[in-house]
Amino acid sequence: NARPMEHPYAFEFETALDHYTAGTFVVRCFDDRFWKAFKHFLKSLGLKHIDPESVAGGAKILASPEQESDRDFMLREIEKSIRLHGTSRVMLFTHSDCGVYGGLDRFNGDAEEEFAFHRGEHEKARAAVAARFPELAVESYFIDPHGIINTT
């Protein structure tokens with residue numbers, strides 16, 4: 001591919017512009033502590049193309065958003081992923097010690113209490129997606145310091 005103009009690139013890397021189908025739309029928290037576990041989990045599933053969204057609290061934006069418009073925004077993003085990339089699956093993530101949920105301190109350090117709370121949040125998040133997009137497969141996961149737990 002010939003470059004239309006020369007620019008002082010900060011980083012040169014050739015990217016193919018082929019259209020793709022995203023098998024999965026993924027919502028996760030932007031907390032970097034859990035990035036490696038998340039990345040390796042998706043790789044273990046063999047996912048080739050995803051449409052990722054990273055927002056504070058991850059699935060919290062669908063379960064208990066700070067403003068209703070936040071949930072609406074994320075549902076519109078899912079709609080675009082379906083329309084533009086043929087997405088048929090949504091994976092929702094939250095994690096232990098998440099600051100926007102008050103961290104582990106909110107649960108007095110009780111990991112089981114925290115996990116039970118997040119399971120309830122996941123139910124609300126899955127319901128919000130299913131109400132708008134009943135044709136989608138919706139899964140939810142909780143990440144803790146030891147790995148990833150399926151809460152679907």
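1. Let's start with the contacts. Among contacts in the chain with a separation of 6 or more, 74% are between residues 24 or more positions apart. Keep in mind that this is a predicted model.

2. As for the overall make-up, the chain has 4 helices and 5 strands. Reading from the N terminus, the order is β-α-β-α-α-β-α-β-β. The C-alpha trace spans about 60 × 35 × 30 Å along its principal axes.

3. On burial and surface: of the 152 residues in the chain, 41% are buried. The accessible surface comes to about 9100 Å², and carbon and sulfur atoms account for 53% of that area.

4. Helix H1, residues 35-44, is worth a look in the viewer. Which residues of H1 are buried? Those are Phe38, Phe41 and Leu42. They sit on the same side of H1, because the arc they cover around the axis is only 95 degrees. The general background is simple: an α-helix has 3.6 residues a turn, so residues three or four places apart point the same way.

5. Now turn H1 around. On its other side, Lys36, Lys43 and Ser44 are exposed. So that cut-offs are clear, buried here means under 20% relative accessible area and exposed means over 50%.

6. What do the buried residues of H1 pack against? Their partners are strands E1 (24-28), E2 (50-54), E3 (89-95), E4 (137-144) and E5 (147-150). If you want to check this by eye, put Phe38, Phe41 and Leu42, the buried residues of H1, on screen together with these strands.

7. A small backbone point: Gly46 follows H1, and its phi is positive, near 75 degrees.

8. On to the second largest pocket, which has a volume of about 160 Å³. It is lined by 13 residues, and the closest to its centre are Ser96, Ala111, Glu114, Asp144 and Pro145.

9. Which elements supply the lining of this second largest pocket? Helix H4 (111-132) and strand E4 each give at least two residues. The largest share, 4 residues, comes from H4. Strand E4 thus turns up twice in this note: the buried residues of H1 pack against E4, and E4 also contributes to the pocket lining.

10. Finally, the chemistry of that lining. The residues around the second largest pocket divide into 7 nonpolar, 2 polar and 4 charged.

Notes
Residues are numbered from 1 along each chain as its sequence is written. This is a predicted model: local features need pLDDT of at least 70, side-chain atom pairs count only at pLDDT 80 or more; totals for chains, interfaces and linings use all residues. Side-chain values use heavy atoms; hydrogens and water are left out. Buried means under 20% relative accessible area, exposed over 50%, partly exposed in between (1.4 Å probe, protein chains only). The arc is that of the directions from the helix axis to the C-beta atoms. Contact means heavy atoms within 4.5 Å. On a 1 Å grid over the protein atoms alone, a cavity is a set of points where a 1.4 Å probe fits but cannot get out, and a pocket is an open set with protein on both sides within 12 Å along at least five of seven lines; lining residues have an atom within 4 Å of a point. Grid points are joined across faces, edges and corners, and a volume is the space filled by probe spheres set on the points. Ala, Val, Leu, Ile, Met, Phe, Trp, Tyr, Cys and Pro count as nonpolar, Asp, Glu, Lys and Arg as charged, and the others, Gly among them, as polar. Accessible areas come from the Shrake-Rupley method with a 1.4 Å probe; for residues, only the protein chains shown count as cover.
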